[in-house]
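I opened this structure to make notes on a few points. The entries follow in the order I looked things up.

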Amino acid sequence: MKRRIYVLLLICCLLFVAVPVFAGAATEQQVTANTVAVTAGDTATVTLKAENFSNIAALDVYIYYDAQVLSVSSTGNGSMLSGAQSSVNTAQAGTITLSAMALNGMSGSGTLLTVNFATKA
């Protein structure tokens with residue numbers, strides 16, 4: 001009887017210790033962008049970064065900006081898209097659409113897209 005109690009206490013202690021380890025292991029997958037302040041006549045570079053991606057098969061990212069103040073000069077794919085098929089659409093003023101698909105999934109952290117803007121005078 002005492003042996004069963006010790007075994008049950010040991011199991012309860014192990015569960016108590018293991019739960020916080022597993023609960024803290026989860027990481028948030030997200031897309032972030034830097035903040036840029038500009039004045040008329042300036043150029044600005046905005047970088048979209050992936051953080052903690054884990055086998056992301058596909059994504060669509062929409063970037064909205066004020067087309068009366070900014071125009072897109074150029075875009076460039078980042079290292080996170082190296083194994084993916086991707087498309088960047090800047091045809092509609094005020095909106096940039098990034099679509100990407102990776103058969104083996106995108107994992108890790110890094111740059112998704114770099115967008116260069118010019119300010120209008």
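**Confidence first**

I began with the start of the chain: over residues 1-25 pLDDT stays under 50, and the model has zero contacts beyond four places in sequence for that stretch. This is a predicted model, and where pLDDT is low, the predicted coordinates should not be read in detail. I then compared the elements: helix 1 (residues 2-24) has the lowest mean pLDDT among them, 41. Strand 4 (residues 85-89) has the highest, 97. For the chain, I noted a mean pLDDT of 82, with 79% of residues at 70 or more.

**Core**

Next I looked up the largest nonpolar core, which has 21 residues. Strand 2 and strand 5 are the elements that give two or more residues to this core. Strand 5 gives the most, with nine residues. The residues with the most contacts inside the core are L59, M106, L112 and L113.

I followed L59 further. Leaving aside neighbours within four places in sequence, L59 is in contact with F53, L98, S99, A100, M106 and L112.

**Aromatic pair**

How many aromatic pairs does a search of the whole structure find? I found one. The ring centres of Y65 and F117 are 5.2 Å apart and the planes stand at 65°, so I entered the pair as edge-to-face; the cut-off for that class is over 60 degrees.

I also checked where the two residues sit. Y65 is in the loop between strand 2 (43-64) and strand 3 (70-77), while F117 is in strand 5 (residues 95-119). The pair links distant parts of the chain, 52 residues apart. Both Y65 and F117 are buried.

Key
Residues numbered from 1 in each chain as written. Predicted model: local features only at pLDDT ≥ 70, side-chain atom pairs only at ≥ 80, totals over all residues. Heavy atoms only, no water. Phe/Tyr/Trp six-rings, centres within 6.5 Å; stacked < 30°, edge-to-face > 60°. Helix = DSSP H or I, 4+ residues; strand = E, 2+ residues; numbered from the N terminus. Buried < 20%, exposed > 50% of the residue type's maximum accessible area, 1.4 Å probe, protein only. Core = buried A, V, L, I, M, F, W, Y, C linked by side-chain atoms within 4.5 Å. Contact = heavy atoms within 4.5 Å. pLDDT = per-residue confidence, 0-100.
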